[in-house]
Amino acid sequence: MSALDSVLIQCPYCWETLDISVDPSVAEQEYVEDCQVCCQPILLQVVFDDNLTPHVEVRAENE
């Protein structure tokens with residue numbers, strides 16, 4: 001079982017920098033996670049490349 005990777009993102013609502021954990025055992029993921037500061041729902045799209053480097057795109061859930 002793979003360990004989780006830590007990634008810094010910026011909330012599209014309050015602009016705070018957040019530290020989230022992503023699972024490298026799933027190559028492509030899309031899910032909603034609430035901001036740890038303002039509690040707004042953030043849509044996260046995570047893709048791992050061949051080197052298992054995470055590429056994360058965030059946006060407001062209602063966009």
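These legends walk through several close-up views of a predicted model.

**View 1. The largest nonpolar core draws together 11 residues.** Welcome to the inside of the model. The residues gathered here are Val7, Ile9, Cys11, Leu18, Ile20, Val22, Cys35, Ile42, Leu44, Val46 and Phe48. Strand 1 (5-10), strand 2 (17-22) and strand 4 (41-48) are the elements that each give two or more residues to this core. Strand 4 supplies the largest share, with 4 residues. As general background, nonpolar side chains in soluble globular proteins tend to be buried together.

**View 2. Strand 1 and strand 2 pair in the antiparallel sense.** Follow the two strands side by side and you will find 6 bridges between them. At one place along the pair, Asp5 stands opposite Val22 of strand 2. The two strands form a hairpin with 6 residues between them, and Trp15 in this hairpin takes a positive phi near 70°. For comparison, most residues other than glycine have a negative phi.

**View 3. Strand 2 shows a covered face and an uncovered face.** Which residues of strand 2 lie on its covered face? They are Leu18, Ile20 and Val22, while Thr17, Asp19 and Ser21 make up the uncovered face. This fits a general pattern: in a regular strand the side chains alternate between the two faces of the sheet. Leu18, Ile20 and Val22 also appear in the list of core residues from the opening view.

**View 4. Three strands form an open sheet in the order 3-4-5.** The pairing in this sheet is antiparallel. Strand 3 (28-34) and strand 5 stand at the edges with a single partner strand each, so one side of each has no neighbour in the sheet. On average, neighbouring strands of this sheet are turned by 20° against each other, direction ignored. In general, strands of a sheet pair through backbone hydrogen bonds.

**View 5. Strand 3 and strand 4 are joined by 7 bridges.** Their pairing is antiparallel. Two places help you find your way along it: Tyr31 stands opposite Leu44 of strand 4, and Gln29 has Val46 of strand 4 as its bridge partner. Val46 is also in contact with several residues beyond its neighbours within four places in sequence, among them Val22, Ala27, Tyr31, His55 and Val56.

**View 6. Gln29 sits in strand 3.** Is this residue, Gln29, buried or exposed? Its relative accessible area is 15%, so Gln29 counts as buried, the cut-off being under 20%. The side chain of Gln29 reaches the backbone oxygen of Asp23 at 2.7 Å. A polar atom of the same side chain of Gln29 lies 3.0 Å from the backbone oxygen of Val26. Leaving aside neighbours within four places in sequence, Gln29 is in contact with Asp23, Leu44, Gln45, Val46 and Phe48.

**View 7. The structure holds 0 disulfides.** Cys35 is in no disulfide, and the nearest cysteine sulfur, in Cys38, is 3.7 Å away. With 2% relative accessibility, Cys35 counts as buried. Why does Cys39 form no bond with its closest cysteine sulfur? That sulfur belongs to Cys38 and is 6.8 Å from the sulfur of Cys39, which is too far for a bond. Cys39 counts as exposed, at 55% relative accessibility.

**View 8. Two loops hold residues with a positive phi.** Where does Cys39 lie? You will find Cys39 in the loop between strand 3 and strand 4. These two strands form a hairpin with 6 residues between them, and Cys39 in the turn has a positive phi of about 70°. In the loop between strand 4 and strand 5 lies Leu52. Phi of Leu52 is also positive, near 65°, although Leu52 is a residue other than glycine.

**View 9. Val58 belongs to strand 5 (residues 54-60).** Val58 is partly exposed, with a relative accessible area of 26%. Not counting residues up to four places away in sequence, Val58 touches Ile9, Gln10, Ile42, Leu43 and Leu44. How many residues apart in sequence are Val58 and Gln45? They are 13 residues apart in sequence, and 6.5 Å apart in space from C-alpha to C-alpha.

Notes
Residues numbered from 1 in each chain as written. Predicted model: local features only at pLDDT ≥ 70, side-chain atom pairs only at ≥ 80, totals over all residues. Heavy atoms only, no water. Core = buried A, V, L, I, M, F, W, Y, C linked by side-chain atoms within 4.5 Å. Buried < 20%, exposed > 50% of the residue type's maximum accessible area, 1.4 Å probe, protein only. Contact = heavy atoms within 4.5 Å. Pairing = 2+ DSSP bridges. Axes fitted to C-alpha atoms, helices over the stretch in contact; angles between N-to-C directions. Disulfide = S-S within 2.5 Å. Polar contact = N/O pair within 3.5 Å; in protein donor to acceptor, adjacent residues only side chain to side chain.
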